[in-house]
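Work through these exercises with the model open. Try each task before reading its solution.

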Amino acid sequence: MTPQSHTLTQAPRWALLLLAVGLAVVVLGTAAGSQGWQAWWSVGADAVSRQIVWDIRLPRSLGAWLGGALLGLAGAVAQGLFRNPLADPYLLGSASGASLGVGVYLSLWGGSAWAMSGWLGLGLTGAAFVGAVLAVVLTLLLARGVQQRLRLLLAGVVVGVVLGAVTSLISLLQPQVLQAMQGFMLGSTAFVSWSACATMAVVLALCLALSWVFARVLDALSLGEATAQSLGVPLPLARMVLVGVISLATAAAVAHIGLVAFVGLAAPHLLRSLVRCTHAWRLALSALMGGALLVLADVMARVMLAPQELPVGVLTAVLGGGYLLWRVYRDADTGVRS
């Protein structure tokens, strides 16, 4: 069976399965809390239960799915564009930029209760988004565009280190900032609102459409840059658009759910271990995989130590890191035996 025919038969099935799993866990997430399913049974009669389900639990679970989908998509695009299985959405310095944006915002407002309410509006969310976008712009300026892949990777590493150091300096000078930033640094879906879900949904649809347009370019790049150029694909335009997709998707996710580790890196890896397909399907499936993984981790974070909650970023780091370590060990062991 050719890869193309394999794609046509297997990829749609996996898409439906991942979509169903994600929907099921989102529904399950609406029952994860102190009242459990009891809040569902009294939604029609009790205004408090209705508010808990529709205004708190449902946007939180749906926001976790959307944030994971954005990170999964960004990770798949980054790994295809840079031809590096270790590439992740934070590769271009967006995570450090978002952290610096939050640190600057909190240092200006002193971590006050009014400042923390920005999670629900344009406060911390806007600061994180602006910081992530500016970090990527700085990376592009240092790399002098998107033409040199290695220079772009190096610039992203440098920007990430420098901005991370500036954030640490702000935290040392103002210790209250570090305490206020903990929720953002460890990742949290607790403050996701319906407006945040709408924003992430629009960004996800836009990024999926743009990445799908250039999916064939990623297929050509997988054969080597020289081969891609010989096929006449528009590499300069594709690189620019795909870097924009990575930046926008990552910035939107980080701004609303904080720094959630390993989802963008593990989702494409896990997908490749399940099904082989072209990038036209891989990008969409990675988004579905990322959404399912993050909403599942969010539900686990809420119920494992109930009534307390684990930071979802800590759980994804443990689970994602453990999975990748197992993959490395398995691949190494397979290589030795062969």
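**Exercise 1. Place Leu283 and decide whether this residue is buried or exposed.**

Step 1. Leu283 sits in helix α14, residues 279-303. Helices here are DSSP runs of H or I with at least four residues, strands are E runs of at least two, and numbering starts at the N terminus.

Step 2. The relative accessible area of Leu283 is 2%, so the residue is buried. Buried means under 20%, exposed over 50%, and partly exposed in between, with a 1.4 Å probe and protein chains only.

Step 3. Now look for Gly75. The C-alpha atoms of Leu283 and Gly75 are 8.9 Å apart, with their positions 208 residues apart along the chain.

A note on the model: it is predicted, so local features need pLDDT of at least 70 and side-chain atom pairs pLDDT 80 or more, while totals for chains, interfaces and linings use all residues. Residues are numbered from 1 along each chain as its sequence is written, and side-chain values use heavy atoms, without hydrogens and water.

**Exercise 2. Which residues are linked in a network of salt bridges?**

Step 1. Fix the criterion. A salt bridge needs a side-chain nitrogen of Lys or Arg within 4 Å of a carboxyl oxygen of Asp or Glu. The structure holds 3 of them.

Step 2. Start at Arg60. Arg60 pairs with Asp298, the closest N and O atoms being 3.5 Å apart. Arg60 is in helix α3 and Asp298 in helix α14, so this pair ties together parts 238 residues apart in sequence.

Step 3. Arg60 also bridges to Glu309, at 2.8 Å between the closest N and O atoms. Glu309 lies in the loop between α14 and α15 (312-337), so this pair ties together parts 249 residues apart in sequence.

Step 4. Move to Arg302. Its side chain meets that of Asp298 at 3.0 Å, N to O. The two are 4 residues apart in helix α14, which means about one helical turn.

Step 5. Join the pairs. Arg60, Asp298, Arg302 and Glu309 form the network.

Step 6. Check the cover. Arg60 is buried at 9%, Arg302 at 7% and Asp298 at 1%. Glu309 is partly exposed at 43%.

**Exercise 3. How do α4 and α6 cross, and which hand does the crossing have?**

Step 1. Take helix α4 (residues 94-109) and α6. Their axes come within 7 Å and cross at roughly 135°. Axes are lines fitted to C-alpha atoms, for helices over the stretch in contact, and angles run from 0 to 180 degrees between N-to-C directions.

Step 2. Classify the angle. α4 is therefore oblique to α6. Under 35 degrees is roughly parallel, over 145 roughly antiparallel, 65 to 115 roughly perpendicular, and the rest oblique.

Step 3. The crossing is right-handed. That label applies if the near helix is turned clockwise from the far one by less than a right angle, and left-handed applies if anticlockwise.

Step 4. Find Thr125 in helix α6. Thr125 is buried, at 6%. Its C-alpha is 8.7 Å from that of Ala252, 127 residues away in sequence.

**Exercise 4. Where are Arg83 and Phe262, and what phi does each have?**

Step 1. Arg83 is in the loop between α3 (47-81) and α4. Its phi is near 50°.

Step 2. Phe262 is in the loop between α12 (235-257) and α13 (263-274). Its phi is about 75°.

Step 3. Compare with the usual sign. Most residues other than glycine have a negative phi.
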